[in-house]
Amino acid sequence: MSHVVVIGAGQAGSSLVAKLRSSGFEGQITLIGEENAPPYQRPPLSKAYLLGEMEKERLFLRPEAFYADNGIALKLGQPVTAIDAAAKTVTVGGETIGYDQLALTTGSIPRRLPASIGGDLGGVFTVRDLKDVDAMAPEVTEGRRVLIVGGGYIGLEAAAVCSKKGMQVTLVEMADRILQRVASPQTSNYFRDLHKSHGVDIREGVGLSHLTGEGRVSGAVLSDGSDLALDMVIVGVGILPATGPAEMAGVELENGIRTDAHGRTSNPSIWAAGDCASFPYKGGRIRLESVQNAIDQAECVALNIMGEGKHYVPEPWFWSDQYDTKLQIAGLNIGYDEIVTREAEGTLSFWYYKGDQFLAVDAINDPRGYMVGKRLLSMGKSPDKAAVADPATELKALLKA
Ligand SMILES: Cc1cc2nc3c(=O)[nH]c(=O)nc-3n(C[C@H](O)[C@H](O)[C@H](O)COP(=O)(O)OP(=O)(O)OC[C@H]3O[C@@H](n4cnc5c(N)ncnc54)[C@H](O)[C@@H]3O)c2cc1C
């Protein structure tokens, strides 16, 4: 009987093994994860869970019993330390396990501040896993002073939580504007104003020079020469694909684990999905860091392990919660040259175009704008720009035009 071993018990790994079983795979399945917790969702880590408004058990993607009930051997708490791709074995916790097919769903690793600028001081945190957030949460309390390094979604969500908790929050972003890598100037402006209205001190075009403190952080010097007294620091400066096991297996890397359109790596018995995988997209290659991508790609790989030969075609969507604002994004805005703004009935959305081609929408407290944008993208339709901008246009009418 064939044995599928999956390394990385996160969003993609959990989806992959569940899909194998629900699709009738009858062989052996082993899911290996280095964290102690069963597979869990990460988005609440920088939102409701950090805020203390969500129980840990609600993070778990499936009840722990699901794995045993479905004949999935779950090995937690130990990293894979060796892979022999020729012998088709993986080593974990001193045990060597044979596989027929191997899937790598190892996610990503947060970039950290180097020790040379104080990154190893106490009170400096990243927001990647439960361990990080459980260590940080007791420090997120009223009246304390926090520096957030990085104005991407993770940094901004952490800033919103800290501000809601009554902390004094300063956020530095080295680029000219927050969210520069991922969103339009209009979206950046909206979130800058939102944070400022909650008292967050946002400093753009300013980086961190170094942290100060003896053993524990007590201050920071910024690139403009200013200094801050601090109680803690949260670092949200991006992630790197986790390629350790892929390197052990000797598969090709290219901004993550290189796969073909089926999710297969350069070794025909080894697959990859989720944050760690880069795959063909519109004549190039892309790696996506989102829940939806992790689930859909992992399910596609599960079917392909069973011989379906499916191409993975992403239908990207993403969300971010900050204060009472919900941002929902459909599509990918890569290569946009025009933004159409729509303001209607208390909602706001920014529609990205390349020429006349509709690429993506950022919908702010606007679930309808998001749903219609998503539908338009899946239908391959590009709505007329003037109609989108006109608040009198019924959004649903765009689907029929
Ligand atoms: C704080 C935070 C907020 C987020 N918010 C959103 C959001 O609002 N919307 C959204 O769409 N996405 C969000 N994301 C991104 C989303 O959570 C990820 O894209 C998703 O978890 C990727 O799934 P994955 O399975 O590829 O990786 P992960 O879920 O990270 O799982 C990978 C697992 O592999 C394990 N692993 C790695 N190496 C080894 C090894 N050698 N041996 C054994 N195990 C190993 C890791 O420990 C980890 O548990 C957020 C992420 C974070 C951290």
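A polar contact here is a pair of N or O atoms within 3.5 Å; within protein, one must be able to donate a hydrogen and the other to accept it, and residues adjacent in sequence count only if both atoms are side-chain atoms. What you're looking at is a predicted model, where local features need pLDDT of at least 70, side-chain atom pairs count only at pLDDT 80 or more, and totals for chains, interfaces and linings use all residues. Residues are numbered from 1 along each chain as its sequence is written, and side-chain values use heavy atoms, with hydrogens and water left out.

**Holding the ligand**
- V291 offers a polar backbone atom 3.0 Å from an oxygen atom of the ligand.
- The protein covers 94% of the 1,000 Å² of accessible area the ligand has on its own (Shrake-Rupley method, 1.4 Å probe).
- Side chains join in too: an N or O atom of D275 sits 2.7 Å from a ligand oxygen, and one of R42 sits 2.9 Å from a ligand oxygen.

**Who's in the shell**
- Around the ligand there are 31 residues (a heavy atom within 4 Å), and the closest are A12, E35, K47, R128 and D275.
- Sorted by class, that's 14 nonpolar, 10 polar (Gly goes here) and 7 charged (Asp, Glu, Lys and Arg).
- At least two shell residues come from each of α1 (11-22), β2 (28-33), α8 (291-305) and β22 (317-322); these are DSSP runs, helices being H or I of at least four residues and strands E of at least two.

**Domains**
- An automatic or database assignment sets the bounds: domain 1 (3-109 + 239-305), domain 2 (112-235) and domain 3 (324-400).
- Domains 1 and 2 each give the ligand's shell at least three residues.
- Domain 2 and domain 3 have C-alpha centres 31 Å apart.
- Between those two, 12 residues of domain 2 touch 14 of domain 3 (heavy atoms within 4.5 Å).
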